[in-house]
Amino acid sequence: MSKLILERASVLEVWTCVPGAEGITIHQRLKNEPGGPAGHKVWVWDSIPSGTVIAADFTDGIVVQSTASLTQTAVNAFKAAPTHTPTEVLTYA
């Protein structure tokens with residue numbers, strides 16, 4: 001399972017989803033955000049340390065694309081060669 005971290009309506013959300021379905025999950029979660037999902041930043045890893053995530057630095061996050069398919073391609077590229085680990089960008093309670 002994949003761990004998806006995103007911010008929606010200024011609220012941090014951590015989701016577990018099926019690998020390969022991250023793009024559609026991201027678009028479904030962000031579809032009602034102002035301007036739609038494109039341009040938002042998210043993080044996706046195969047796993048993250050246990051605990052309560054209370055903040056995330058999305059500066060270098062995966063940029064959500066205009067379609068779920070393009071976003072999935074970006075997610076797959078990140079997961080194949082991650083630029084950050086969860087402990088580098090996530091803050092725990």
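D46 is found in the loop between β3 and β4 (53-56), where helices (H or I, at least four residues) and strands (E, at least two) are DSSP runs numbered from the N terminus. The structure is a predicted model, in which local features need pLDDT of at least 70 and side-chain atom pairs count only at pLDDT 80 or more, while totals for chains, interfaces and linings use all residues. Residues are numbered from 1 along each chain as its sequence is written, and side-chain values use heavy atoms, with hydrogens and water left out.

With a relative accessibility of 51%, D46 counts as exposed; on this scale buried means under 20% relative accessible area, exposed over 50%, and partly exposed in between, with a 1.4 Å probe and protein chains only. Once residues up to four places away in sequence are set aside, D46 touches M1, S2, K3 and K79, a contact being heavy atoms within 4.5 Å. One of these partners is also reached through polar atoms: the side chains of D46 and K79 make a polar contact at 3.1 Å. Such a contact is a pair of N or O atoms within 3.5 Å; within protein, one must be able to donate a hydrogen and the other to accept it, and residues adjacent in sequence count only if both atoms are side-chain atoms. For a view across the fold, the C-alpha atoms of D46 and T91 are separated by 18 Å, with their positions 45 residues apart along the chain.

K79 and S2 lead on to E22, a residue of helix α1. Beyond its neighbours within four places in sequence, E22 is in contact with S2, C17, V44, Q72, V75 and K79. E22 counts as buried, at 0% relative accessibility, and its side chain makes a polar contact of 2.6 Å with the side chain of S2. Helix α1 covers residues 22-30, and its buried members are E22, G23, T25, I26, H27 and L30. The cover over these buried residues includes β1, β2, β3 and α2.

From the side of α2 (residues 68-80), a helix that contains T71, the packing can be followed at residue level. T71 is in contact with G23, I26, H27, V64 and Q65, leaving aside its neighbours within four places in sequence. At 0% relative accessibility, T71 counts as buried.

Strand β3 (residues 41-45) can be approached through K41. K41 is partly exposed, with a relative accessible area of 33%. Apart from residues up to four places away in sequence, K41 touches F58, T59, G61, I62 and V63. Within this group, T59 places its backbone oxygen 2.6 Å from a polar atom of the K41 side chain. The C-alpha atoms of K41 and I26 are 9.9 Å apart in space, and the two residues are 15 apart in sequence.

Backbone geometry deserves a friendly second look at the loop between β1 (2-8) and β2 (11-17), the place of A9. Most residues other than glycine have a negative phi. A9, although not a glycine, has a positive phi of about 55°. S10, placed in the loop between β1 and β2, has a phi near 65°, again a positive value in a residue other than glycine. A9 is exposed, with a relative accessible area of 55%, and S10 is exposed at 68%.

Turning to the whole chain, the protein holds 3 helices and 6 strands, and from the N terminus on the elements run β-β-α-β-β-β-α-α-β. The radius of gyration is 12 Å, close to the 12 Å that the globule rule gives for 93 residues, so the protein is as compact as a globular protein of that length. Here the radius is taken over C-alpha atoms, and the rule is 2.2 Å times the number of residues to the power 0.38. Along its principal axes the C-alpha trace spans about 30 × 30 × 20 Å.

Of the 93 residues, 37% count as buried. Among contacts with a separation of 6 or more, 60% join residues 24 or more positions apart. The accessible surface comes to about 5000 Å², with 55% of it belonging to carbon and sulfur atoms; these areas come from the Shrake-Rupley method with a 1.4 Å probe, and for residues only the protein chains shown count as cover.
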